[in-house]
Amino acid sequence: MFGVDRFDAILPTGTGAIMAVGASHPTVVPTKDGRIGMKNQMQVNVTADHRVIYRADLASFLQTLSKIIEDPKDLTL
């Protein structure tokens, strides 16, 4: 949104976590068969109070979010 690639969100007082999502843009990446391909990539950053949210749970959430964004058909009924 607005062409911002990445940024860090500041956690407001009393909040457990906040997510910052940058714009997606095409990037050259290696494919599974060893070739070069293009893929849209974006950066997602989460700022969290680790006294409230356990780090492993947050990492698991980000992995799940990544899978959903890469293959959104799982969201359909």
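Which residues does aspartate 49 touch, not counting residues up to four places away in sequence? They are Leu11, Thr15 and Gly16. Keep in mind that this is a predicted model. Below is a quick tour, starting with a hairpin and ending with the salt bridges.

**The β2–β3 hairpin**
- Strand β2 covers residues 25-30 and strand β3 covers residues 36-41, and the two pair up antiparallel over 6 bridges.
- Together β2 and β3 make a hairpin with 5 residues between them. In the turn sits glycine 34, whose phi is positive at about 90 degrees.
- Threonine 27 belongs to strand β2, and its bridge partner over in β3 is lysine 39.
- If you skip the neighbours within four places in sequence, threonine 27 is in contact with Gly37, Met38, Lys39 and Gln41.
- A polar atom of the threonine 27 side chain also lies 3.4 Å from the backbone oxygen of histidine 25.

**The loop between β3 and β4**
- Methionine 42 is found in this loop. Its relative accessible area is 34%, so it is partly exposed.
- Glutamine 43 is in the loop between β3 and β4 too, and at 42% relative accessibility it counts as partly exposed.
- What does glutamine 43 touch, not counting residues up to four places away in sequence? The list is Asp5, Arg6, Ala20, Val21 and Gly22.
- Glutamine 43 and alanine 23 are 20 residues apart in sequence, yet their C-alpha atoms are 7.5 Å apart in space.

**Threonine 47 in β4**
- Threonine 47 sits in strand β4 and is partly exposed, with 23% relative accessibility.
- Along the chain, threonine 47 and alanine 17 are 30 residues apart, while 5.6 Å separates their C-alpha atoms.
- Alanine 17 is also one of the contacts of threonine 47, alongside Ala9, Leu11, Gly16 and Ile18, once neighbours within four places in sequence are left aside.
- With Ala9 there's a polar link as well: the threonine 47 side chain reaches the backbone oxygen of alanine 9 at 2.9 Å.

**A nonpolar patch on the surface**
- Met19, Val21, Met42, Val44, Phe61 and Ile69 make a nonpolar surface patch of about 460 Å².
- β1 (17-21) and α1 each chip in at least two residues of the patch.
- Why can methionine 42 be part of it? Patch residues need over 30% relative accessible area, and methionine 42 has 34%.

**Salt bridges**
- How many salt bridges does a search of the whole structure find? The count is 3.
- As background, side chains of opposite charge can pair when their charged atoms come close.
- Aspartate 49, in the loop between β4 (44-48) and α1 (55-70), forms a salt bridge with arginine 51 at 2.9 Å, N to O.
- Is aspartate 49 buried or exposed? It counts as buried because its relative accessibility is 16%, which is under the 20% cut-off. Its partner arginine 51 is exposed, at 76%.
- Aspartate 33 and arginine 35 form a salt bridge whose closest N and O atoms are 3.8 Å apart. Aspartate 33 is exposed at 55%, and arginine 35 is exposed at 61%.
- Lysine 73 pairs with aspartate 71 in a salt bridge, with 3.2 Å between the closest N and O atoms. Here lysine 73 is exposed at 56%, whereas aspartate 71 is partly exposed at 31%.

Conventions: Residues are numbered from 1 along each chain as its sequence is written. This is a predicted model: local features need pLDDT of at least 70, side-chain atom pairs count only at pLDDT 80 or more; totals for chains, interfaces and linings use all residues. Side-chain values use heavy atoms; hydrogens and water are left out. Two strands pair if DSSP finds at least two bridges between them. Helices (H or I, at least four residues) and strands (E, at least two) are DSSP runs, numbered from the N terminus. A polar contact is a pair of N or O atoms within 3.5 Å; within protein, one must be able to donate a hydrogen and the other to accept it, and residues adjacent in sequence count only if both atoms are side-chain atoms. Contact means heavy atoms within 4.5 Å. Buried means under 20% relative accessible area, exposed over 50%, partly exposed in between (1.4 Å probe, protein chains only). Patches are made of residues with over 30% relative accessible area and no salt bridge: like charges are joined within 9 Å, nonpolar side chains (Val, Leu, Ile, Met, Phe, Trp, Tyr) within 5 Å. Accessible areas come from the Shrake-Rupley method with a 1.4 Å probe; for residues, only the protein chains shown count as cover. A salt bridge is a side-chain nitrogen of Lys or Arg within 4 Å of a carboxyl oxygen of Asp or Glu.
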